[in-house]
Amino acid sequence: MEVCNHEVTITGQDGTPRTIRVPVVQELARHGTQDPPKMFTYSSSNVLNIGAISCPPEDFPWVSMARMQSKDPKERERELERLAEGAKEWGMLLVSDHGIPFALLEDVKEVVNGFFRLPFDEKKECVGTYASIDNMGYGRNFVASQDQVLDWVDRMSMVVAPRESTDGLNVWPLKPSNFRTSEIKMRTNYYPPCPNPNSTIGLSPHSDSSALTLLFQFHSSGGLQVLHKNNEDWVSVPWPVDGLLVVVGDLLEIMSNGRVKSPVHRAITQANAERCSIALFYNPPSSMEIEPVKSDDWEDAYKRVTVGDYIQHYYKVHPRTTKQAAIKFTML
Ligand SMILES: O=C(O)CCC(=O)C(=O)O
Ligand SMILES: [Fe+2]
C-alpha cells in the first residue's frame with residue numbers, strides 16, 4: 001500500500017526544528033487498514049478510556065435564538081438567564097432556531113466533503129503552504145514530539161477574517177471553487193472510520209484558546225464528549241443534527257474572571273462511521289489586551305493579557321499539557 005504522509009515540523013529537546021512524516025489517517029482508512037500504526041494507538045501503559053455517560057437532551061443546556069431576539073423583554077431575559085446558567089455549568093450550549101437555512105448548512109457540508117474527497121495530492125496542491133503557530137492549512141492535529149500518541153484526524157484550518165487579513169489566506173483551497181464564499185475563520189476536522197476506536201482518539205482532550213467557538217457537525221452519530229466541571233465525568237454531548245454548539249474558550253474564561261470556564265472536550269473515533277465537524281473560532285484581534293471583568297463580589301483571578309501572547313503560549317504548551325497549565329499563564 002502506498003502511504004501518503006503529512007510533513008510535520010517539531011522542535012527537538014535542543015530547540016532545533018525537525019521535520020517528520022506522519023501517515024494521513026484518511027488514506028489509512030481508505031486502504032482499509034485494520035491495524036492503525038502504533039503512533040496512533042494507546043497501549044496498556046498509556047491507557048485511553050473513551051467511556052462517557054450519556055445525557056438526556058433535556059438535561060443539556062440550549063437556547064433559542066428566536067427567543068433571544070423576542071420582542072417581549074421578559075422572554076429575552078429568561079433566555080439570557082438560561083444562557084448564563086448553561087455557560088456556567090457546562091461551558092457549552094446548543095443553539096436552536098438559529099435561522100441559518102438548512103439548505104445553506106447542506107451546501108457547507110457539500111463543499112467540505114468535496115474538499116476531503118479530493119485525492120491526497122490534489123488536496124495538498126490546492127491548499128497553499130503555510131507556517132504558523134496555530135497549524136493553519138491542510139494537515140493534522142498538533143504534533144509536539146515524536147513520542148506523542150497522535151489523533152485520528154485530518155484537518156483543514158484557515159484564517160478568513162478580518163476580510164483584509166492576508167494571514168493564512170494562502171491556504172484557501174482553490175477546489176472546490178465555491179470554498180471561497182465564507183468570511184469566517186474556520187477549521188474543519190475530518191475523522192475517518194477507525195478500526196480500533198477503543199485505543200485511538202479523534203481529538204485529544206483540550207479547551208479552545210478562542211473567546212468563543214461555534215461548532216457544527218455533519219453526522220449526529222456522536223463523537224464529542226465534554227468533561228463536566230463538577231463531577232469530572234466525560235459526558236457525550238446530545239447534539240441534534242441541525243443544532244449549533246457554542247463553546248466557551250479560554251479567552252472568555254479570562255474576560256469573565258472565571259465566572260464561565262472553558263470546558264475540556266474531546267472527540268472519539270468510530271469503527272464504522274466517518275465524521276466531520278466545522279469549528280469557527282472567534283477571537284479579539286491579537287494585538288488587543290483583554291482584562292477580567294471586575295466586581296465587588298468576585299475575587300480577581302486572572303491577569304490582563306494580550307490576546308496574541310496568550311495564543312502563543314497556548315500553542316507552546318499544547319497539546320503536551322492540560323488546560324490548567326495553559327491558562328495558569330494568566331492566573332494571579
Ligand atoms: O469534532 C468536534 O466535535 C470537536 C472539534 C473541536 O473541539 C475543535 O476543533 O476544537
Ligand atoms: Fe475544541
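This is a short dialogue about the metal site and ligand 1 in a predicted model.

Guide: In this predicted model, local features need pLDDT of at least 70, side-chain atom pairs count only at pLDDT 80 or more, and totals for chains, interfaces and linings use all residues. Residues are numbered from 1 along each chain as its sequence is written, chains are lettered from A and ligands numbered from 1 in the order written, and side-chain values use heavy atoms, without hydrogens and water.

Visitor: What makes His206, Asp208 and His265 donors of the iron ion (ligand 2)?

Guide: Donors are N, O and S atoms within 2.8 Å of the metal (3.2 Å for Na, K and Ca); water is not among the atoms, so sites may look incomplete. Here His206 (NE2), Asp208 (OD) and His265 (NE2) coordinate the iron ion at 2.1 to 2.2 Å. Those values fall within the cut-off, so the three count as donors. Their spacing along the chain is H-x1-D-x56-H.

Visitor: Why is Asp208 called buried?

Guide: Buried means under 20% relative accessible area, exposed over 50%, partly exposed in between (1.4 Å probe, protein chains only). Asp208 has 4%, so Asp208 is buried. His265 is buried too, with a relative accessible area of 4%.

Visitor: How do you know that His265 has a polar contact with ligand 1?

Guide: A polar contact is a pair of N or O atoms within 3.5 Å; within protein, one must be able to donate a hydrogen and the other to accept it, and residues adjacent in sequence count only if both atoms are side-chain atoms. A polar side-chain atom of His265 lies 3.0 Å from an oxygen atom of ligand 1. That is within the limit, so the pair qualifies. For His206, the distance is 3.1 Å.
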